[in-house]
Amino acid sequence: KLTWKGAIDDTEGGWVVAYRIFVEDEWIATAHGTQAFLNSEELSGNTLEVRAVNASGLESESAWLSIP
């Protein structure tokens, strides 16, 4: 289970609706909350990229998570 702190969308009328998860620039999952259940054996040794997505479809800057 992968967890992170929720993002805040400071654009007028905007709110975070999902998080996109990437490994090596490949989109592997979408989470609609602040956790995702992913196969840790397959992801071991990788760095994950998480981007918040707002209601307009705009993505945030990336947050990086290292998987031991």
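Helices (H or I, at least four residues) and strands (E, at least two) are DSSP runs, numbered from the N terminus. The model here is predicted: local features need pLDDT of at least 70, side-chain atom pairs count only at pLDDT 80 or more, and totals for chains, interfaces and linings use all residues. Residues are numbered from 1 along each chain as its sequence is written, and side-chain values use heavy atoms, with hydrogens and water left out.

**Exercise 1. Find the loop that holds aspartate 25, and describe its backbone and exposure.**

Solution.
- Step 1: aspartate 25 sits in the loop between S2 and S3, and glutamate 24 is in the loop between S2 and S3 as well.
- Step 2: look at phi. Most residues other than glycine have a negative phi. Glutamate 24, not a glycine, has a positive phi of about 50 degrees; for aspartate 25, also not a glycine, phi is positive at about 70 degrees.
- Step 3: classify exposure (buried is under 20% relative accessible area, exposed over 50%, partly exposed in between; 1.4 Å probe, protein chains only). Glutamate 24 has 68% relative accessibility and therefore counts as exposed. Aspartate 25 is exposed because its relative accessible area is 66%.

**Exercise 2. Write down the order of the elements of the protein from the N terminus on.**

Solution.
- Step 1: count one helix and six strands.
- Step 2: read along the chain to get β-β-β-β-α-β-β.

**Exercise 3. Which residues touch the most other members of the largest nonpolar core?**

Solution.
- Step 1: recall that a nonpolar core is a set of buried Ala, Val, Leu, Ile, Met, Phe, Trp, Tyr and Cys residues joined through side-chain atoms within 4.5 Å.
- Step 2: among its 13 residues, the answer is Leu2, Trp4, Tyr19, Ile21 and Leu48. Strands S2 (16-23), S3 (26-31) and S5 (47-54) each give two or more residues to this core.
- Step 3: zoom in on tryptophan 4. Leaving aside neighbours within four places in sequence, its contacts (heavy atoms within 4.5 Å) include Tyr19, Ile21, Ala31 and Val50.

**Exercise 4. Is threonine 11 buried or partly exposed, and how many Å separate its C-alpha atom from that of threonine 34?**

Solution.
- Step 1: place threonine 11 in the loop between strand S1 (2-3) and S2.
- Step 2: its relative accessibility is 39%, so threonine 11 counts as partly exposed.
- Step 3: threonine 11 and threonine 34 are 23 residues apart along the chain, and their C-alpha atoms are separated by 20 Å.
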